[in-house]
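I opened this entry to keep track of what I looked up in the structure. Notes follow in the order in which I made them.

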Amino acid sequence: MLQQITPANHDALNFEFLAVGHASAFSVLSTAVHNVHGSLSCASSAGTAMEHIARRKVDAIVLDMHLPGAMDLLAHMHHAGSYKRAIVFACIGSPHEAIVALQAGANFVLQSPLNPWTVAESFKAATQKMVAERRRFFRYPLMLPVSLTFNAVPEQAIMANLSEDGMSIWNLVPHPAHSTLDFSFTLPFGGHIHGQGEIVWTDEDATSGIRFRVLPDQSYHHLFGWLTRRDHSVAHQRPA
């Protein structure tokens, strides 16, 4: 059974937490999640949690290591899909269990029964990594011209969206996946960006996904600054 036990906060960086086997710790977890501008769902079993994270991106998972199937869930999370990037808080009962959980891929360990102050501080400590992961993969819709060079031949494309890790473009000239090309574009009020990228996917609508492979320091400075201003702008536009 999966239960949504706290409503989503309307912040631009609304973190998605999933507590697995922790319905009894609702008060402690929900308060800590609220303090880092997150929403919390609760799964009663490892199987239910696995179904949930297969359908929906989560930023953090609080996992009761005494739950049947907990080790299988932890192993599955770190070997498949985008959810392998989720922060894992493993709830343990002894130092030996802590070692096992960390070796299996957990990022933090929490001693059971959960201490409200420890949980709150652990969640706060994890938010920087969660913000970095969110920015790296979140796609900001943005339409502007992009200049490409493929095998020394110049081309023109249109950007569809942009992230810290790459961009999607519309390009009438198809190129196979894993091809490398040079790119350049100018952000609105954000400076000129240029570098080298790799085509990681294409579709029948002439859209391609490009991962940034080489991005000079000045270009990364412009990109990071633009993303930071965009985050702040979105946050100020949303109701509290």
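I began with the pairing of β8 and strand β9 (residues 153–162): the two run antiparallel and are joined over six bridges. The model is predicted, and I read every entry below with that in mind. For a single pair I looked up V146, and its bridge partner in β9 is A157.

Next I went to the turn. The hairpin of β8 and β9 has two residues between the strands, and N151 takes a positive phi near 55° there.

I then checked the other pairing of β8 that I had noted. Strand β11 (residues 180–187) is antiparallel to β8, with three bridges between them. In this pairing S147 stands opposite S184 of β11.

Which side chains of β8 point to the buried face? I listed V146, L148 and F150 on that face. P145, S147 and T149 point to the other face and are not buried, so the side chains alternate along the strand.

Before β8 I stopped at M143, in the loop between β7 (140–141) and β8 (145–150). Is M143 buried or exposed? I recorded a relative accessible area of 63%, and the cut-off for exposed is over 50%, so M143 is exposed. M143 also belongs to a nonpolar surface patch with I158 and W170. Together the three have about 310 Å² of accessible area.

I moved to helix α4 (residues 95–103) and picked A101, which is found in it. The relative accessible area of A101 is 0%, and because buried means under 20%, A101 is buried. What does A101 touch, leaving out residues up to four places away in sequence? I wrote down M65, L74, A90, I92, A106 and V109. For M65 I also took the spacing: A101 and M65 are 36 residues apart in sequence, and their C-alpha atoms are 7.8 Å apart in space.

Last, I looked at cysteines. How many disulfides does a search of the whole structure find? I noted zero. For reference, a disulfide is a covalent bond between the sulfur atoms of two cysteines. I looked up the accessibility of C42 and C91 as well. C42 has 6% relative accessibility, which is under 20%, so C42 counts as buried. C91 is at 0% relative accessibility and therefore also counts as buried.

Notes
Residues are numbered from 1 along each chain as its sequence is written. This is a predicted model: local features need pLDDT of at least 70, side-chain atom pairs count only at pLDDT 80 or more; totals for chains, interfaces and linings use all residues. Side-chain values use heavy atoms; hydrogens and water are left out. Helices (H or I, at least four residues) and strands (E, at least two) are DSSP runs, numbered from the N terminus. Buried means under 20% relative accessible area, exposed over 50%, partly exposed in between (1.4 Å probe, protein chains only). Contact means heavy atoms within 4.5 Å. Patches are made of residues with over 30% relative accessible area and no salt bridge: like charges are joined within 9 Å, nonpolar side chains (Val, Leu, Ile, Met, Phe, Trp, Tyr) within 5 Å. Accessible areas come from the Shrake-Rupley method with a 1.4 Å probe; for residues, only the protein chains shown count as cover. A salt bridge is a side-chain nitrogen of Lys or Arg within 4 Å of a carboxyl oxygen of Asp or Glu. Two strands pair if DSSP finds at least two bridges between them. A disulfide is a pair of cysteine sulfur atoms within 2.5 Å.
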